[in-house]
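Student: Could you take me through one part of this model in close detail? I'd like to see how the side chains there sit against each other, and then what lies around them.

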Amino acid sequence: MLQDLGLFGLFLGCLLSATVIPFSSEALVAGALLLDYSPWTVILVATLGNTIGGMTCYLLGWLCKWSWIEKYLKIKEESLEKAQAKVGKYGSLAALLTWLPIVGDVIAVALGIMRTRVVPTTLFMFIGKGLRYMVIAGLINVLA
């Protein structure tokens, strides 16, 4: 399927993996790299998709509709309160960690609830997610 959709499929898959669809964007990146797409293109497309997906979680937090957050992201209010307490002292810089499995979405939502500044939050999120994909690309290069 990735072959059929190409880089758009990679973008869409990485976007969705940072939102409501629980699957591994890392597997998509690995697949694209093994299909001989340019590593830098794969990293950029995956990072853009995953950052936009992460910013949708941020937007849900900004809008602070608890019913949406619990329904679509399956994040309980108690988890968000814990994340806010930990993330609060770092502000937008905490967006570097939104790539982490499970807690990354919670961090993004907490940043939205705290109404951190959009531009720095997006930038740090982009950097964190991009670094993750660079590491994956490096590993695939070594292993392949």
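Tutor: Let's start with the aromatic rings: this predicted model holds 1 aromatic pair. The partners are Tyr58 and Trp62, with ring centres 6.0 Å apart and planes at 40°, so the pair is tilted. A pair like this is described by the distance of the centres and the angle of the planes, which is what those two numbers give you.

Now look at where the two rings come from. Tyr58 and Trp62 both belong to helix α3, which covers residues 39-63, and they are 4 residues apart, about one turn of the helix. An α-helix has 3.6 residues a turn, so residues three or four places apart point the same way. Their surroundings are worth checking too. Tyr58 counts as buried because its relative accessibility is 3%. Trp62, with a relative accessible area of 30%, is partly exposed.

Trp62 has another partner as well. Arg115 lies over the face of the Trp62 ring, at 4.8 Å from the ring centre. You'll find Arg115 in the loop between α6 and α7 (118-143), and at 45% relative accessibility it counts as partly exposed. Check its backbone while you're there: Arg115 has a positive phi of about 55°, although it is not a glycine.

Asp36 is another one to check for phi. Its value is near 70°, again positive in a residue other than glycine. Asp36 sits just after α2, in the loop between α2 and α3. With a relative accessible area of 69%, Asp36 is exposed. Step back into helix α2 itself, residues 25-34, and you meet a set of buried residues: Ser25, Leu28, Val29, Ala30, Ala32 and Leu33.

Helix α2 also takes us to the salt bridge, and the structure holds 1 of those. Glu26 and Arg132 meet through their side chains, at 3.1 Å from N to O. This pair links distant parts of the chain, since Glu26 is in helix α2 and Arg132 in helix α7, 106 residues apart. As for exposure, Glu26 is partly exposed, with a relative accessible area of 27%, whereas Arg132 counts as buried at 11%.

Stay on helix α7 and find Gly128. At 4% relative accessibility, Gly128 counts as buried. Leaving aside neighbours within four places in sequence, Gly128 is in contact with Leu96 and Trp99. If you want a distance across the fold, the C-alpha atoms of Gly128 and Ile52 are separated by 13 Å, and these two residues are 76 residues apart along the chain.

One last stop is Thr98, in the loop between α5 (77-87) and α6 (103-113). Is Thr98 buried or exposed? It counts as buried, at 5% relative accessibility. A polar atom of the Thr98 side chain lies 2.9 Å from the backbone oxygen of Ala95. Not counting residues up to four places away in sequence, Thr98 touches Gly104, Ile107, Ala108 and Leu111, along with Met125 and Lys129.

Key: Residues are numbered from 1 along each chain as its sequence is written. This is a predicted model: local features need pLDDT of at least 70, side-chain atom pairs count only at pLDDT 80 or more; totals for chains, interfaces and linings use all residues. Side-chain values use heavy atoms; hydrogens and water are left out. Helices (H or I, at least four residues) and strands (E, at least two) are DSSP runs, numbered from the N terminus. Buried means under 20% relative accessible area, exposed over 50%, partly exposed in between (1.4 Å probe, protein chains only). A polar contact is a pair of N or O atoms within 3.5 Å; within protein, one must be able to donate a hydrogen and the other to accept it, and residues adjacent in sequence count only if both atoms are side-chain atoms. Contact means heavy atoms within 4.5 Å. Rings of Phe, Tyr and Trp (its six-membered ring) pair if their centres lie within 6.5 Å; planes under 30 degrees apart count as stacked, over 60 as edge-to-face and the rest as tilted. A charge sits over a ring if NZ of Lys or CZ of Arg is within 6 Å of the ring centre and within 35 degrees of the ring normal. A salt bridge is a side-chain nitrogen of Lys or Arg within 4 Å of a carboxyl oxygen of Asp or Glu.
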